[in-house]
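Work through the exercises below with the structure at hand. Each task is followed by a solution in steps.

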Amino acid sequence: MDLRGKSVVITGGGNGIGLALARRFAAADVRGVVVADLNGGWASKAAAALEAPALGVACDVADPDAIGRLADQAEETFGPIDVFVSNAGYSDPVPGDLDQPVDRWRDIVDVNLLAHVWAARRVVPSMVERGGGYLLQTISSAALITGPSGPGYTASKHGALGFAEWVSLNYRHQGIRVSCLCPNAVYTGMFGRQPGDDSEPPDVGSLGEILTPESVAETVYTAMTGDEPFLILPHPRVGDSFLRKATDYDGWLERTSGRLQRMRGD
Ligand SMILES: NC(=O)c1ccc[n+]([C@@H]2O[C@H](COP(=O)([O-])OP(=O)(O)OC[C@H]3O[C@@H](n4cnc5c(N)ncnc54)[C@H](O)[C@@H]3O)[C@@H](O)[C@H]2O)c1
């Protein structure tokens with residue numbers, strides 16, 4: 001996709017990967033960037049600092065009506081939405097357990113999975129009418145290769161990948177492109193980093209290499225303006241592990257289970 005002149009909406013854009021994406025898109029000569037976040041102050045601050053026409057909006061993506069209002073505001077301000085980035089997400093306690101309260105399970109599914117559904121339901125029909133559009137879904141390596149994340153995170157991210165695959169299969173021929181960003185560790189709010197924190201990524205030991213959100217945003221930009229791949233893997237080893245899992249699922253489960261137990265000192 002040629003991003004020049006396009007209108008972009010990014011959820012969870014007040015911090016971390018979403019904020020870096022907002023900055024990268026803003027530098028690409030887009031028509032407008034709408035930064036949405038649960039933290040409305042972060043969204044406004046991020047939008048005000050972008051070098052492009054931008055709007056900051058407070059939005060809880062767990063609420064389908066709020067996503068509808070976000071899309072309405074984006075269209076009123078910058079016209080039809082060309083790129084919708086479903087990026088907002090959060091992690092449950094690690095390693096977590098099966099006994100988490102029912103509401104916790106529902107909350108994480110609402111944000112990490114169903115928000116992608118509500119956004120697609122709202123924006124895909126008008127994208128199809130106009131001949132195409134782009135959905136960028138920030139998912140996780142946890143959707144491809146279950147790792148040390150909590151159970152709600154793992155299950156909701158697998159669901160989000162399945163939904164993205166469904167949209168891609170069913171709307172591809174109508175011009176809808178779908179890319180799933182599936183990084184491993186990235187130095188963001190998930191590692192305690194807040195907007196304005198310029199510190200270097202810490203050593204995360206057994207988690208492997210921790211990338212900056214800026215480098216992830218650059219990888220996304222190159223992918224979207226290049227081959228528009230379904231999977232965007234800023235950590236290449238995620239793709240290697242996914243391949244090993246696909247060719248020997250049971251062996252992969254055995255080895256990964258042992259590795260997780262060693263990591264946790266069991
Ligand atoms: N950081 C990592 O290591 C990593 C790895 C793989 C995937 N991811 C994914 O990247 C995405 C962005 O996370 P991040 O790492 O930048 O973390 P982050 O905490 O820095 O950013 C997430 C942003 O989403 C916002 N948010 C949370 N719940 C929301 C809601 N209900 N509605 C609207 N906004 C909400 C937060 O306020 C925050 O600004 C998430 O989907 C996450 O699962 C992160």
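**Exercise 1.** Find which polar atoms of Val186, Ile17 and Asn15 lie close enough to an oxygen atom of the ligand to form polar contacts, taking N or O pairs within 3.5 Å.

Solution. The model is a predicted one.
Step 1: for Val186, a polar backbone atom is 2.8 Å from an oxygen atom of the ligand.
Step 2: for Ile17, the atom is a backbone N or O, again with a ligand oxygen atom, at 2.8 Å.
Step 3: for Asn15, a polar side-chain atom lies 3.1 Å from an oxygen atom of the ligand.
Step 4: on its own the ligand has 810 Å² of accessible area, and the protein covers 92% of that.

**Exercise 2.** Describe the shell of residues around the ligand.

Solution. Step 1: the shell holds 27 residues, and those that come nearest are Asp37, Asn87, Tyr153, Thr188 and Gly189.
Step 2: sorted by class, 14 are nonpolar, 10 polar and 3 charged.
Step 3: at least two shell residues come from helix H1 (16-26), and at least two from helix H5 (151-171).

**Exercise 3.** Determine how many disulfides there are, and check whether Cys182 is buried or exposed.

Solution. Step 1: a disulfide is a covalent bond between the sulfur atoms of two cysteines. The cut-off for such a sulfur pair is 2.5 Å.
Step 2: with this rule, the count is 0 disulfides.
Step 3: Cys182 is in no disulfide, as the nearest cysteine sulfur, that of Cys180, is 5.6 Å away.
Step 4: buried means under 20% relative accessible area. Cys182, with 0%, is therefore buried, and Cys59, at 8%, also counts as buried.

Technical notes. Residues numbered from 1 in each chain as written. Predicted model: local features only at pLDDT ≥ 70, side-chain atom pairs only at ≥ 80, totals over all residues. Heavy atoms only, no water. Near = heavy atom within 4 Å. Polar contact = N/O pair within 3.5 Å; in protein donor to acceptor, adjacent residues only side chain to side chain. Areas by Shrake-Rupley, 256 points an atom, 1.4 Å probe, with all protein chains shown as cover. Helix = DSSP H or I, 4+ residues; strand = E, 2+ residues; numbered from the N terminus. Nonpolar A, V, L, I, M, F, W, Y, C, P; charged D, E, K, R; others polar. Buried < 20%, exposed > 50% of the residue type's maximum accessible area, 1.4 Å probe, protein only.
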